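What follows is a guided reading of one protein model, moving outward from a pair of facing residues to the sheet, the cores and the charged contacts. Please keep the sequence and the coordinates open beside the text.

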Amino acid sequence: VMRRNVSIFSMVIVAVLSGHIVYARADTLPFSLGWKQMQSVGTREFMGLLQTNLVEKALRSPWVITLLKRIVPPLDKFLLRFSRGWVSTAMQSIAMIECTGAKSGLKREIVTLCMADGKDILLVGSNWGLDRHPAWLINLRAYPIAKVTFRGYRGPMRARELSGDERAEAWARLIVVNPQYARYQTWTDRVLPVVRLQR
C-alpha cells in the first residue's frame with residue numbers, strides 16, 4: 001500500500017513540476033493575452049495528464065493534498081517573487097496575492113491558480129474540491145483590495161465576486177483552460193466562487 005501511495009504521489013509531483021516546463025511557453029505571452037491564446041501553446045494537451053485515474057485518486061487523498069499544500073506554495077512564492085510573477089511550479093498560471101485577514105487584519109500572502117482575462121485575472125475558490133471556502137476568498141470578501149504579482153505586474157487590484165450570467169460565462173472558459181475545476185465542483189456541494197481581480 002505504501003509503495004502504491006508513493007507511486008501515485010510521485011506522478012502528481014511529476015505532473016506539477018513537468019507542468020512548469022510546458023507552461024513556461026505560455027508565460028512568454030503578454031499579460032494582456034487571454035485564454036484562447038493560452039490554449040495554443042500546449043496547456044490544454046498537458047492538462048490531460050490530470051484526468052488520469054491515478055492522478056485523480058491522488059488529488060482526492062487528504063494526505064496528498066496536505067503534502068502538496070506544504071510543498072508547492074512556498075516554492076511558488078519564491079519563484080514568483082524572483083521572476084516578478086512569470087515562473088511557477090504549476091501547469092497553470094499562478095498569481096501571488098497579498099490580502100488582508102478578515103478577522104486578524106494582518107497581511108496574508110497566498111498563491112493560487114488563475115486565468116488572465118485581458119488586464120483582469122479570474123480566480124476560482126476551489127480549495128482542492130474541499131467543502132469549505134479557501135481563506136483567501138473570505139479575506140477578499142472582507143477586504144477586496146489586494147496586492148497582486150502576476151506576469152511582470154505587481155500592484156493593487158480590486159476583487160469582485162461574479163454571479164449570474166457573468167459567472168456562467170467566465171466558468172465556461174475557466175473549465176476549458178483547467179478541466180480540473182469541473183472535477184473539483186463534483187467533489188463538493190458548494191458552488192465554487194469565481195472572482196475577478198481588476199486594476
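A convenient place to enter this predicted model is Ala-159, which stands opposite Leu-197 in strand E7. That facing pair belongs to the antiparallel pairing of E6 with E7, which are joined by 4 bridges. On the other hand, E6 also pairs with E5, again in the antiparallel sense and over 6 bridges, and here Ile-145 stands opposite Arg-158 in E6. The link between E5 and E6 is a hairpin with 2 residues between the strands, and Arg-151 in its turn has a positive phi of about 50°.

From E5 the path leads on to E1, since 3 bridges join E1 to E5 and the two strands run antiparallel; Ile-97 has Val-148 in E5 as its bridge partner. Strand E1, residues 94-100, is mostly covered, with 6 of its 7 residues buried. E1 is also joined to strand E2, residues 107-113, by 7 bridges in an antiparallel arrangement, within which Thr-100 stands opposite Lys-107. These two strands form a hairpin with 6 residues between them, and Gly-105, in the turn, has a positive phi of about 75°.

Returning to E7, one finds that this strand pairs with E4 as well, in the antiparallel sense and over 4 bridges, and that Leu-197 in E7 is the bridge partner of Ile-121. Taken together, the strands make an open sheet of 7 strands in the order E2-E1-E5-E6-E7-E4-E3, with antiparallel pairing. E2 and E3 (115-117) stand at the edges and have a single partner strand each, so one side of each is left without a neighbour in the sheet. From one strand to the next, the twist averages 35°.

The sheet accounts for the 7 strands of the protein, which also has 8 helices, and two of these helices can be placed against it. H6 packs on the sheet, touching E1, E2, E4, E5, E6 and E7, and its direction makes about 55° with that of E1. H7, residues 164-177, lies across E3, E4, E6 and E7, running at about 95° to E7.

Where do the nonpolar side chains gather? The largest nonpolar core has 18 residues, of which Ile-97, Ile-121, Leu-123, Val-148 and Leu-197 touch the most other members. At least two residues of this core come from each of E1, E4 (120-124), H6 (135-142), E5, E6 (153-161) and E7 (194-198). A second, separate core comprises 13 residues, among them Leu-162, Trp-171, Leu-174 and Leu-192. In soluble globular proteins, nonpolar side chains tend to be buried together.

Val-124, placed in strand E4, offers a closer view of one buried position. Its relative accessibility is 2%, and because buried means under 20%, Val-124 counts as buried. Leaving aside residues up to four places away in sequence, Val-124 touches Trp-136, Trp-171, Leu-174, Tyr-181, Leu-192, Pro-193 and Val-194. Its C-alpha lies 7.7 Å from that of Leu-113, a residue 11 positions away in sequence.

The charged contacts add a further layer, since a search of the whole structure finds 6 salt bridges. In one of them the side chains of Asp-117 and Arg-196 meet at 2.9 Å, N to O; Asp-117 lies in strand E3 and Arg-196 in strand E7, so the pair ties together parts that are 79 residues apart in sequence. Both Asp-117 and Arg-196 are buried. By contrast, the salt bridge between Glu-166 and Arg-160, at 2.8 Å from N to O, involves a glutamate that is partly exposed at 32% relative accessible area and an arginine that counts as partly exposed at 33%.

A further salt bridge links Glu-169 with Arg-173, with 2.7 Å between the closest N and O atoms, and both residues lie in helix H7, 4 residues apart, or about one turn of the helix. Glu-169 counts as partly exposed at 41% relative accessibility, whereas Arg-173, at 9%, counts as buried. Through salt bridges that share partners, Asp-117, Asp-120, Glu-169, Arg-173 and Arg-196 are joined into one network.

For the protein as a whole, buried residues make up 48% of the 199 residues, and the accessible surface comes to about 10000 Å², of which 60% belongs to carbon and sulfur atoms. Among contacts with a separation of 6 or more, 67% are between residues 24 or more positions apart.

Key
Residues are numbered from 1 along each chain as its sequence is written. This is a predicted model: local features need pLDDT of at least 70, side-chain atom pairs count only at pLDDT 80 or more; totals for chains, interfaces and linings use all residues. Side-chain values use heavy atoms; hydrogens and water are left out. Buried means under 20% relative accessible area, exposed over 50%, partly exposed in between (1.4 Å probe, protein chains only). Contact means heavy atoms within 4.5 Å. Accessible areas come from the Shrake-Rupley method with a 1.4 Å probe; for residues, only the protein chains shown count as cover. Two strands pair if DSSP finds at least two bridges between them. A nonpolar core is a set of buried Ala, Val, Leu, Ile, Met, Phe, Trp, Tyr and Cys residues joined through side-chain atoms within 4.5 Å. Axes are lines fitted to C-alpha atoms, for helices over the stretch in contact, and angles run from 0 to 180 degrees between N-to-C directions. A salt bridge is a side-chain nitrogen of Lys or Arg within 4 Å of a carboxyl oxygen of Asp or Glu.
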